[in-house]
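Biologist: I am new to this kind of structure. Please show me how to read it, one feature at a time.

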2 protein chains.
Amino acid sequence: MYKYQVISEELKKKFTDGSFQPGAVLPDQEQLAAEFGTTRMTIRKAIQSLIVEGVVYTKRGSGTFLRKDFASKRDSFAPLLNKPLGATKNYAGREVTSKIWELDARLPTTEEQDRLVIGPEEPVYVIRRTRYIDGKTYAYEHTIMPTKIATITRKVVASSIYQYLAEEAGIRIAGAHRKVYAIKATAEDIEGLGATIGDPVLMIDQVGYTDEGEPFEYSVTHLPYLTNAVVADVEIR
Amino acid sequence: MYKYQVISEELKKKFTDGSFQPGAVLPDQEQLAAEFGTTRMTIRKAIQSLIVEGVVYTKRGSGTFLRKDFASKRDSFAPLLNKPLGATKNYAGREVTSKIWELDARLPTTEEQDRLVIGPEEPVYVIRRTRYIDGKTYAYEHTIMPTKIATITRKVVASSIYQYLAEEAGIRIAGAHRKVYAIKATAEDIEGLGATIGDPVLMIDQVGYTDEGEPFEYSVTHLPYLTNAVVADVEIR
DNA sequence: GAGTGGTCTAGACCACTAG
DNA sequence: TAGTGGTCTAGACCACTCC
């Protein structure tokens, strides 16, 4: 763990334990640098990551401030567009289960080759499953993943693919390109989500990248309407 | 314009004019620093912003690479979830027009008070308009904005509210909290988007913040399905 | 004008990849 | 082992806010 990560964690602890009121101004960067025995550049890296997480914001000429709505409303049932979509991690403490519709391998379509930047002879897994949180239908997922990334078993698919990739296969998810659509329920949605024909469905089309910039999954997630939405917190520079 | 921004633009130019093949490795950072007459730290900032934009990726120990799917990725008609939703700026060079359904002021509902963190006696504007890009229906917007933020005229609403806020009223948009839903077309959508009853509609619910962390608008944007989606590029740390 | 965050320099050392 | 990107230092100057 790098120094700036340690400092960022340390600061977050201070915010949650009440050392700072929401909206309060932090000590200036020079002071923080002295306090943590480092330089301003390193403090700035730590603060930068807190900005991205939506914990603090800075105002040139004024200071660094703890967000007023820092502690408040986190949505409990919505995937966060600025985080991995994996349900297991985002809904820790809840019962996440899966029904597996398909786990297979085949050669990729041209569309899939394109999205994953692989050749026509590189086999991919096809994974289709419905996910439930606390027994309630949460999402229907259709995932394509090159087999060279990791070996996927039925057991992994039944629990958490992302967790397996991170902890067992050493894959670090670094980013994703996502597109969100509203569509009419397909036959798969009627089966996978219990949707009614003609119902709106929220569809998230995503290509996930590893920290090496390599696409490792192309997935389409369907969320039932009325009971679900996606959330994005945005920092504009 | 800062040096790292100039360098980042300069590099992007080189990528589009074919000096580098997709997937090609860039000169190492030391070399780029010499070439641009600067230090590695500044080159790194330039590269960092290219990473966020999804143009290049780095591999420690190996080099910096131009994404293979660099050219293919641009969507021309989708709002970017990591940017302001304002059409005028995102679609510069295209003809953005508006039809105004309503421009009025009244006292806020409790829901609106809540979202904007204002009192019941602080008046708000109510703005409803349909937006067109190159004559094509793009979105239907319903915006609530405290009148204390700025004076809004019909002329402003007809062109660009965001641009007016930024350039005339000195408001800097620093971030937003957004929620994206799939819903069934409402009566407003049938009027405002020309949607058919029962059609899916993509709805973006957003509270925008100024650089002081103050909510300045609560808006709901409806996008017609089939012709539109939203895009999010995510960097996960 | 004093104080803040943002950029930039010129180095050093560390972590990682590949031949 | 050579070469790459990632972190970190110890400063300097600039842009901006607020009194």
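Modeller: Start with nearness: a residue is near a molecule or strand if one of its heavy atoms lies within 4 Å of it. This is a predicted model, where local features need pLDDT of at least 70, side-chain atom pairs count only at pLDDT 80 or more, and totals for chains, interfaces and linings use all residues. Residues are numbered from 1 along each chain as its sequence is written, chains are lettered from A and ligands numbered from 1 in the order in which they are written, and side-chain values use heavy atoms, with hydrogens and water left out.

Biologist: Which residues come nearest to DNA strand C?

Modeller: There are 27 residues around DNA strand C, and Arg40(A), Arg44(A), Lys3(B), Thr38(B) and Lys45(B) come nearest. Of the strand C atoms within 4 Å of the protein, 71% are sugar or phosphate, and the rest belong to bases.

Biologist: How do I read a polar contact?

Modeller: Look for a pair of N or O atoms within 3.5 Å; within protein, one must be able to donate a hydrogen and the other to accept it, and residues adjacent in sequence count only if both atoms are side-chain atoms. On DNA strand C, a side-chain N or O atom of Arg40(A) is 2.5 Å from a base nitrogen. Thr42(B) puts a side-chain N or O atom 2.6 Å from a phosphate oxygen of strand C.

Biologist: What does DNA strand D meet at its bases and phosphates?

Modeller: A polar side-chain atom of Arg40(B) lies 2.5 Å from a base nitrogen of DNA strand D. Gly61(B) uses a polar backbone atom, 2.9 Å from a base nitrogen of that strand. Lys45(A) has a polar side-chain atom 2.7 Å from a phosphate oxygen of strand D.

Biologist: Which element gives the most to the surface near DNA strand C?

Modeller: First, helices (H or I, at least four residues) and strands (E, at least two) are DSSP runs, numbered from the N terminus. H3(B) gives the most to the surface near DNA strand C, four residues. For DNA strand D, the largest share is also four residues, from H3(A).

Biologist: How do I sort such a surface by class?

Modeller: Ala, Val, Leu, Ile, Met, Phe, Trp, Tyr, Cys and Pro count as nonpolar; Asp, Glu, Lys and Arg as charged; the others, Gly among them, as polar. Near DNA strand C there are five nonpolar, twelve polar and ten charged residues. Near DNA strand D there are five nonpolar, twelve polar and eleven charged.

Biologist: At what angle do H1(B) and H3(B) pack?

Modeller: Axes are lines fitted to C-alpha atoms, for helices over the stretch in contact, and angles run from 0 to 180 degrees between N-to-C directions. H1(B) and H3(B) pack at about 55 degrees, with axes 8 Å apart. That makes H1(B) oblique to H3(B). Angles under 35 degrees count as roughly parallel, over 145 as roughly antiparallel, 65 to 115 as roughly perpendicular and the rest as oblique. By class, their contact (heavy atoms within 4.5 Å) has seven nonpolar, three polar and three charged residues.
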